[in-house]
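Colleague: I would like a close look at a single residue and at the elements around it. Please take me through that part of the chain, then set it beside the other packed elements.

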Amino acid sequence: MAPVTVPLEQLVNEWLRLDPNPITRDEIRRLWDQRKTDELERRMRTRIEFGTAGLRGKMEAGWARMNDLIIIQASQGLCAYVLRSVPEASIRGVVVGHDHRHNSELWANLTAQVFISNNVKVYFHRGFVHTPMVPFSVKRLNAACGVMITASHNPKDDNGYKVYWENAVQIIAPHDVGIAESILQNLEPRLDNMPDVYTSPLCVDCSDSMRESYFTLIQGLVTAQVTHPSAKFVNTSMHGVSDPFISEAFRRTGFTPCIPVEKQRLPDPDFPTVMFPNPEEKGKQDLAISEATASGANYVLAQDPDADRFTAAERGTDGSWFLFTGDQLGALFASHVLSKYKAAGKPLGKLAMIASTVSSRMVEAMARVEGFKFVDCLTGFKFIGNTALDLVGAGYEVPFGYEEAIGFMFGSEIRDKDGVAATVMFAELVAEVQRRGLTVRGYLDELYQRYGYFETKNSYFVCSDPVTIDHIFWGIRHFQESDSTVRYPASIAGLTVNSVIDLTAGYGYDSTNAPSYQPRLPLSSGHMVQFRAQSTNDPDIKIVLTVRTSGTEPKIKYYLEGSAKDRQKLAGVLDLIVKDLADVWMKAPEYGLRTP
């Protein structure tokens, strides 16, 4: 953030001096001429922060927004850092891809131009690709890094800049800090003799070869002798890029083509039917369900716009639709992968699966019963992917990992979430349960009987003021006292809290790890506290509650899961916990927090 002592006019003039785009340059000049200082303060005072998620924000002029100048500066800084940090980076090259959003193709070109102008080879994906294609290409081509221009499922006015390291996983510390510092050392745009990415000998079109290799990989995920289901599938791409990838993946694996939701099939950067194109949000599958009902389909399949996430719904015998949660899909996929692993005759002692710490404990329960290794890690595939690589280094095979936000990782070639692979694996799961005379929901009930019943209740509070967020978390950490002593809540909705893990930088604490009480997991730059509690009246009822800030959205998210034998009783307890969380812990009415 620029110190408040720096005059706003100085920030504006520096922007006008550096910005090569006449449209965004005029945008700032016009705001200055109209003396719209409040708007300029919002856009100019704070620089958009480069972190482990790369960059993501609204497409507008200004230091705090996404625009040509920010992309050029980020690429110059990343290029300098990669050349310093990765052996033979210029020869190994970088992979660049983009989705269909406004400015995505332009910014992919700018990124490629910066690297080429520094004599670094660029493997360029021409045309839209889904996000997993970039890390897949980084690994296959042994590239030094990868850049994907996408904002995933954010609203239409947003875009982003996602970075993968040479290990084909999203960046983590210390690279995020190193790249951020390098960007600040390379703010002056070097635009002389910028190359044409379509004619430069340093720019290699890798689109066709990588797509062919990718679809070969997808074919390899499906068991050759699988009997294809008689079920009908309806698929929605949420106005994103997935349709051609899903169509080709189903063709290669022999599944009957999906029925597309025509109003959402083609890439459209304005997302005309969904303001927030996230298929896990309530109501976002309504068009697909309507199409499935009309066509007599059994299942709805959905990917988010950049096709790295997946979710599904199943039609019941009464015609109603059951929407699977990310955690339910995670348990279903874990069991399916486990069955295939066993069928291959591989040793369970060498099998490992991963879930984020805010995801369900059901895979952990599965691991205890079946005898394979389960590991949890911080939220985000940057951590899931790197944890997978660590486990492989320790001698384990890691064929599956997931996070509750409908992100699923399959196989060893892509250590990131992949909505296309997940869609194909779900179709294979349908075929398998149909062979046994079951539905997917019926199979899920079987898993509950074997491993215990788990129910999640995840949501969020909207809060765009960082100061208010800090006050809320201060209150949680000083719940029982008004002084500076940290005392977490001892109970919630009548359940006794029996463990607290605070993974927030500066507050690291794990009540289960005496005598040091230091967390076993890395600390998070945002607030993140996890509580476990148990009913004293009915010890069978247990809950895990994690509250954290979002790194990309103005939200305080909560992840609540309960386990019990009595489903109805558990549902009532979870409702009471959500109410206590909102009214007592978050003080939602006092702070004016909104819920979806």
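Modeller: In this predicted model, Lys382 has a relative accessible area of 13%, and because buried means under 20%, Lys382 counts as buried. Lys382 belongs to helix 15, which covers residues 381-393. Leaving aside residues up to four places away in sequence, Lys382 is in contact with Thr52, Val169, Gln170, Ile171 and Ile172. Val129 is 253 residues from Lys382 along the chain, and the C-alpha atoms of the two are 20 Å apart.

Next comes the sheet beside this helix. It is an open sheet of four strands in the order 13-12-14-15, and its pairing is mixed. The edges are taken by strand 13 (373-377) and strand 15 (407-410); each has a single partner strand, so one side of each has no neighbour in the sheet. Direction ignored, neighbouring strands of this sheet are turned by 15° against each other on average. Strand 12 (residues 351-356) and strand 14 (residues 397-403) run parallel and are joined by four bridges. Within this pairing, Ile354 has Gly401 in strand 14 as its bridge partner. Helix 15 packs on this sheet and touches strand 12, strand 13, strand 14 and strand 15, with its direction at about 165° to that of strand 14.

A second sheet also has a helix against it. This one is an open sheet of five strands, ordered 8-7-9-10-11, again with mixed pairing. Its edges are strand 8 (259-260) and strand 11 (321-323), each with a single partner strand, so one side of each is left without a neighbour in the sheet. Strand 7 (residues 233-236) runs parallel to strand 8, and two bridges join them. Asn235 is placed opposite Pro260 in strand 8. Helix 16 (residues 419-435) lies across strand 7, strand 9 (299-303) and strand 10 (310-315), and it runs at about 165° to strand 9.

Finally, there is a helix pair. Helix 1 (residues 8-18) packs with helix 2 (residues 22-33) at an angle of about 155°, and their axes are 9 Å apart. Helix 1 is therefore roughly antiparallel to helix 2. Their crossing is left-handed. On the helix 1 side the contact involves Leu8, Glu9, Val12, Trp15 and Leu16, which meet Thr24, Arg25, Ile28, Arg29 and Trp32 of helix 2. By type, the residues of this contact are six nonpolar, one polar and three charged.

Technical notes
Residues numbered from 1 in each chain as written. Predicted model: local features only at pLDDT ≥ 70, side-chain atom pairs only at ≥ 80, totals over all residues. Heavy atoms only, no water. Buried < 20%, exposed > 50% of the residue type's maximum accessible area, 1.4 Å probe, protein only. Contact = heavy atoms within 4.5 Å. Axes fitted to C-alpha atoms, helices over the stretch in contact; angles between N-to-C directions. Parallel < 35°, antiparallel > 145°, perpendicular 65-115°, else oblique. Left-handed = near helix turned anticlockwise from the far one by under 90°. Nonpolar A, V, L, I, M, F, W, Y, C, P; charged D, E, K, R; others polar. Pairing = 2+ DSSP bridges.
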